[in-house]
Amino acid sequence: MEPFDKIRAQRQQRHMPDVDVTKGRTIAYSRSTTSRLMDVLDANVRGNVHGGVIMRMVDEAAAIVAIKHAGKGVVTARVDRFDFLAPAYLGNVVIIQCEMHYVGRTSMEVGVEVMAEDLFVGEIRQIARSQVTYVALDENGKPTPVPPLIPGDEEERIIIEKARIRRARMQKIDEELGKIQQNSI
Ligand SMILES: CC(C)(COP(=O)(O)OP(=O)(O)OC[C@H]1O[C@@H](n2cnc3c(N)ncnc32)[C@H](O)[C@@H]1OP(=O)(O)O)[C@@H](O)C(=O)NCCC(=O)NCCS
């Protein structure tokens, strides 16, 4: 077998022109890792990696997960938190690990962890985390149903349950903020 044949074969198996939205997909189905070496064009004025570069990479990497899960095109609807925990430096490899945490009817929330690897020292640090929500769109640009998220194992069941609890809390906070905004007009 030639190098990359296995990866190519796996990708071809994924190709599903018609998505059965009654058939659930696991977290493992769409889990994805993206990485890129940071160069001088990625710098901010301090000489570290610009936060906006990482935000863009996160949006692109998380969208891959949403598109794989949905089997359709998606748009970014919301970024829930974006915590920068530590700087990344030029010459580091920024690694973005993304997995599906919650799926509604047409919306999907992807959990993201961002790491920076120093290839010379062999050190990997967590530098950011986020949750990004996407909405699948049909050919008319309208929200369209996506397959449900089903746990593939006990570990996935816990991830999905934690996301459900966190989203319920976020919804309450959203409602409170909405009331405050209404009262301030
Ligand atoms: C996201 C968008 C398609 C939602 O359209 P809408 O008419 O509000 O859709 P609906 O009210 O029918 O909601 C559809 C789903 O999106 C979710 N949604 C809508 N706005 C959301 C938001 N700000 N945050 C999280 N979820 C949101 C709804 O909860 C619903 O989820 P569900 O189907 O899983 O229950 C629309 O607001 C849009 O096009 N936004 C711009 C997207 C964009 O340009 N992104 C940047 C470039 S990709």
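Let's start with the core. The largest nonpolar core has 32 residues. V58, A62, V94, I96 and V110 touch the most other members. Keep in mind that this is a predicted model.

Which elements give two or more residues to this core? They are α3, residues 51-70, then β3, residues 93-103, β4, residues 107-118, and β5. Helix α3 gives the most, with 8 residues.

Take I96 as one example. Leaving out residues up to four places away in sequence, I96 touches T33, T34, S35, M57, V58, A61, V112 and V114. V58 appears again here: I96 touches V58, and both are among the residues that touch the most other core members.

Now step back to the whole chain. The protein chain has 4 helices and 5 strands. From the N terminus, the order is α-α-β-α-β-β-β-β-α. The C-alpha atoms fill a box of roughly 60 × 45 × 35 Å along the principal axes. There are 185 residues, and 24% of them are buried. What about contacts between residues at least 6 apart in sequence? Of these, 73% join residues at least 24 apart.

On to the strands. β4 and β5 run antiparallel, joined by 12 bridges. One pair to find is E117 with its bridge partner I124 in β5. The two strands form a hairpin, with 4 residues between them. Look at G122 in the turn: its phi is positive, about 80°.

β5 has another partner. It pairs with β2, again in the antiparallel sense, over 9 bridges. There, T76 stands opposite Y134 in β5. As a general point, side chains in a regular strand alternate between the two faces of the sheet.

That brings us to the ligand. Which residues are around it? V75, T76, A77, R78, G104, R105, T106, S107, T133, V135 and P143. The elements giving two or more residues to this shell are β2, residues 74-84, and β5, residues 123-136. β2 gives the most, with 4 residues. So T76 has two roles in this picture: T76 is in the shell around the ligand, and T76 stands opposite Y134. By type, the shell divides into 4 nonpolar, 5 polar and 2 charged residues.

Last, helix α4. It covers residues 154-184, which is 31 residues. How far does α4 reach from its first C-alpha to its last? The span is 45 Å, close to the 45 Å expected at 1.5 Å a residue. Is α4 well covered or hardly covered? Hardly: the count of buried residues in α4 is 0.

Note on methods: Residues are numbered from 1 along each chain as its sequence is written. This is a predicted model: local features need pLDDT of at least 70, side-chain atom pairs count only at pLDDT 80 or more; totals for chains, interfaces and linings use all residues. A residue is near a molecule or strand if its C-beta atom, placed from the backbone, lies within 6 Å of it. Ala, Val, Leu, Ile, Met, Phe, Trp, Tyr, Cys and Pro count as nonpolar, Asp, Glu, Lys and Arg as charged, and the others, Gly among them, as polar. A residue is buried if 20 or more other C-beta atoms lie within 10 Å of its own, exposed if 12 or fewer, and partly exposed in between; C-beta atoms are placed from the backbone. Two residues are in contact if their C-beta atoms, placed from the backbone, lie within 7 Å. A nonpolar core is a set of buried Ala, Val, Leu, Ile, Met, Phe, Trp, Tyr and Cys residues joined through C-beta atoms within 7 Å. The expected span of a helix is 1.5 Å times one less than its number of residues. Two strands pair if DSSP finds at least two bridges between them.
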